[in-house]
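User: I would like a close look at one part of this model, set against the chain as a whole. Please keep it plain and give cut-offs where terms need them.

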Amino acid sequence: MIRFDRSKEPSEVFTPRSSDVNSEMYVPRPEHERALRRGIQTGYNIVLFGDSGCGKSWLYKKVFKDERIYYRTLDFSSSENVDEVDFQMLELVSSYEEWQDKERKQTDSIDFKPARMGAGRQGEVVQERIDRSPFFQVVTSIRSHAGKRTAYLVLENLEYILDKPDIVRRIQKMLLALDDPDLGRSKVRICLVGVPSEIKEILSDGNRFQTISNRVYEVPELSKLDRKSVDLLILRGLEQELDYEVESKTFCCGKIAFATYQIPQYVHDVCLHVALRAEDEHNIVTPDLIDGAVQDWVMSNSRQGVEFIRKWIMADRSQKSVRAKTMFAISRLDKHFFEAEDVTRMMRQEFPRTFGSSQIQSLRTLRKMAEGNDKFLKTDAERLLFRVATPHLRSALRACLKKVIKPEGVEVKKF
């Protein structure tokens with residue numbers, strides 16, 4: 001049954017892909033908001049990092065709006081080379097050109113005048129356009145539009161250009177160039193936004209750029225929401241904004257929190273599917289309805305991920321199916337980065353009859369899963385830390401893996 005008396009549609013309440021801050025559904029992050037404000041007050045460049053979907057963009061946009069900060073954004077998600085980065089900057093500038101007198105030439109000539117014949121002088125000004133770098137132009141343009149306000153150039157989605165050394169070097173030079181007297185007068189700073197490891201690599205590429213770390217202020221890593229905030233977000237949207245009835249609230253919120261890893265963007269996404277399904281169920285949200293909505297979400301966003309998981313599990317036909325159990329254990333971890341010991345501990349907890357007190361070669365298994373082009377995990381070789389290759393794949397694990405009691409094992413659900 002579709003309601004005709006409500007003032008808002010589900011897509012207006014739950015906005016997972018909105019570039020604008022949804023003020024009614026924004027969940028305050030007091031610690032990070034305070035830290036970002038302190039960073040602004042220091043006058044340094046700012047580093048804002050965290051897992052994909054954790055609300056980095058909404059955070060800086062909310063604080064910048066509150067503080068009346070002028071900013072423009074460069075999105076690196078589709079940048080392939082330096083030329084494309086320059087083109088983006090020039091698009092921001094639109095038509096910025098500056099002309100000045102290069103030299104003044106004086107020429108002599110003979111003039112025939114009505115009253116007499118004599119010598120005269122003519123002045124000729126030779127002009128040359130000053131060609132400025134795209135970065136100089138965009139910084140100057142930002143300052144001219146910002147007036148006396150604090151101003152930032154925001155570099156979004158830096159993780160996409162980690163494997164493009166020319167763009168990484170350009171960003172490093174941009175940070176250093178802000179100390180140049182000409183650019184320094186603009187008092188425009190840079191806000192770097194991306195996922196954790198990639199940001200740090202950009203800032204520490206050999207000794208040449210060690211000084212960059214002295215020019216930035218790091219806001220504490222933005223991570224998933226706490227459980228109380230997740231429940232607040234879910235119930236505010238479903239009950240207060242859409243006036244739906246939610247049965248077994250704690251249980252329903254727990255299902256959504258588990259499937260989404262409590263990542264804000266994913267909570268919005270799943271709740272949108274929940275709301276759309278609830279329209280056909282007399283605006284009542286039940287645990288079974290949430291299971292169906294999670295399935296809708298996974299299959300619309302991570303269908304390939306589910307098939308990827310199925311392929312990895314089918315490739316291991318050993319009696320214990322160690323790979324499948326390892327993947328299930330990973331799906332139950334609440335950590336973004338994890339060690340082999342974390343996986344071993346979870347495997348013993350979830351599959352006591354299979355492993356008991358026997359030795360588990362988790363590190364070797366995890367390393368194999370991080371090898372080759374078609375890898376399931378990414379690893380930090382120095383610290384021996386691992387993470388699932390993509391956030392969507394991580395959520396797909398929780399949605400599609402099912403533990404079987406007899407015999408003790410793991411299956412991929414059939415959607």
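What percentage of the 415 residues of the chain count as buried? Then take helix H3: which of its residues are buried, and which elements do these buried residues pack against?

Analyst: This is a predicted model, in which local features need pLDDT of at least 70 and side-chain atom pairs count only at pLDDT 80 or more, while totals for chains, interfaces and linings use all residues. Residues are numbered from 1 along each chain as its sequence is written, and side-chain values use heavy atoms, without hydrogens or water.

Of the 415 residues, 47% count as buried (under 20% relative accessible area, with exposed over 50% and partly exposed in between; 1.4 Å probe, protein chains only). The chain has 18 helices and 13 strands (DSSP runs numbered from the N terminus: H or I of at least four residues for helices, E of at least two for strands). Where contacts (heavy atoms within 4.5 Å) join residues at least 6 apart in sequence, 70% of them link residues at least 24 apart.

Helix H3 covers residues 56-66, and its buried residues are Lys56, Trp58, Leu59, Tyr60, Lys61, Val63 and Phe64. These residues pack against two helices, H2 (30-42) and H11, and against strands E1 (45-49), E2 (70-75), E5 and E6 (188-194). Just after H3, Arg68 has a positive phi of about 55 degrees.

Two of these partners can be followed further. H11 spans residues 264-278 and includes His273. His273 counts as buried because its relative accessible area is 18%. Apart from neighbours within four places in sequence, His273 contacts Ala293, Asp296, Trp297 and Ser300.

For E5 (151-156), the loop that links this strand to helix H5 (134-146) holds Gly147. Gly147 has 39% relative accessibility and therefore counts as partly exposed. The C-alpha atoms of Gly147 and Tyr70 lie 8.9 Å apart, although 77 residues separate the two in sequence.

Another helix, H15 (residues 340-350), can be set beside H3. In H15 the buried residues are Ala340, Asp342, Val343, Thr344, Met346, Met347 and Glu350. Their packing partners are helices H14 (322-331), H16 (352-355) and H17 (362-369), together with strand E12 (401-404).
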